[in-house]
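Q: Could you walk me through a few contacts in this model before I go back to the bench?

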Amino acid sequence: MERKIAVVGVGWSGFKPFTTEEYRELIFEAAVKAYEDAGGINPRKDVDGFIGVAEDLWEGISIADEYYPDQVGAVFKPENSVSADGIVGFISACMMIQSGVWDTAVVEAHSKISEVLSVNDLLLFALDPVFNRPLWNVDPKTKKPVGGHPYMFAGLEMNRYLAETGTTVEQCAKVVVKNYRNALRNPFAAYGSNLTVEDVICSKVVSHPLKELDASKFADGCVVVVLAGEEVAKKYTDTPIWVKGYGFCSETSWLECHDWGESVYTRISGEMAYKMSGIKNPRKEVNFAEVDDTFSYKELQNLEALKIFGRGEAGKFVEENLTAIDGDFPVNPSGGSLGQGNLFCASGLQKILGVVLQLRNEAGKFQVSKAEVGLAQAWRGIPTTSGAVTILGR
């Protein structure tokens, strides 16, 4: 990476199952916090460009990106929209700074999923319209998809992953227990709880072998991140968190061609990020990770794809508490999406927020003991095979 880039400010709001504020209020609150965190940076004078991460389907309006600039101070300023995960928006801002077009950038992503009344319909709408979506036609009498719940895809993938690696449903349940308990230490997590493995296994079956508690619950919230090139970063903070590397990948969208047992997009994204950051052995050179845990098995699958653990090893290490906050390699110490809530497009920035707080020793009760280099990884969600990775360090 020729030009160093730093995170100089972060702000967040929400992370609740339901918020009474309108989504623009969530954005404004997070932006104000981020600008104050970045030494009182003035968005109108000091920020060169803005990246908004939004998806029209989730917003319920077309050209949804037109509704966020006011709240972040981006009026009459360069603004790009990214219809992807928050980490992809973060990477887009990094590339603008690396190119020399901008010196400073702001990235915003939010969720107001509590207002979406047809989440399952929208998930199914993302399917290939010719070969896949017709399989889930709606029964005119029951008004339900004939093909079943959209989490069927997660159930199929989980089943294949367990079969190929020897991972057990009990080990997946341990992920849920760990992340819910981590969330109890996190003051802005929505779903902290003292669950047991039995609680998870005995919860309602969604799509065998996926249980209800294996899936993260939805949450409203917003995350805003301020980035700056190395020449100006220290103008805004004494504790810059440096971007060491990043990668992103979109695999096939056709279910027929999807590798159900391995997270290929995570592996490729990780390889790109490691190459850029010069990391040869991620297990030793990265201290902790915030990875996608939309579903319990995804945390294990992603850790193996990132080569932090070998194929089929992640479940065993979770079982031995090596991924606990006080373990050898902490994973999702913030509580992840299972503990904090699934923020959809903002989930990636939620992961970056968790890493930044750890690297600045500002994570409070969920602070890990060694935080020099951290990894954030996100997945676009069902039914996509798109993901992104970024590596940050002090």
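A: What follows covers some salt bridges and one pair of helices.
A: The model is predicted, so local features need pLDDT of at least 70 and side-chain atom pairs count only at pLDDT 80 or more, while totals for chains, interfaces and linings use all residues. Residues are numbered from 1 along each chain as its sequence is written, and side-chain values use heavy atoms, with hydrogens and water left out.

Q: How many salt bridges does the structure hold?
A: The structure holds 19, where a salt bridge is a side-chain nitrogen of Lys or Arg within 4 Å of a carboxyl oxygen of Asp or Glu.

Q: What does Asp103 form a salt bridge with?
A: Its partner is Arg3, and the closest N and O atoms are 2.5 Å apart. Asp103 lies in the loop between helix H5 and strand S4, and Arg3 in the segment before strand S1, so the pair ties together parts that are 100 residues apart in sequence; helices (H or I, at least four residues) and strands (E, at least two) are DSSP runs, numbered from the N terminus.

Q: Is Arg3 buried or exposed?
A: Arg3 is buried, with a relative accessible area of 13%, whereas Asp103 is partly exposed at 33% (buried means under 20%, exposed over 50%, partly exposed in between, with a 1.4 Å probe and protein chains only).

Q: Changing topic, which residues in H8 meet H13?
A: Gln171, Cys172, Val175, Val176, Lys178 and Asn179 in H8 meet Ser296, Tyr297, Glu299 and Leu300 in H13, contact meaning heavy atoms within 4.5 Å.
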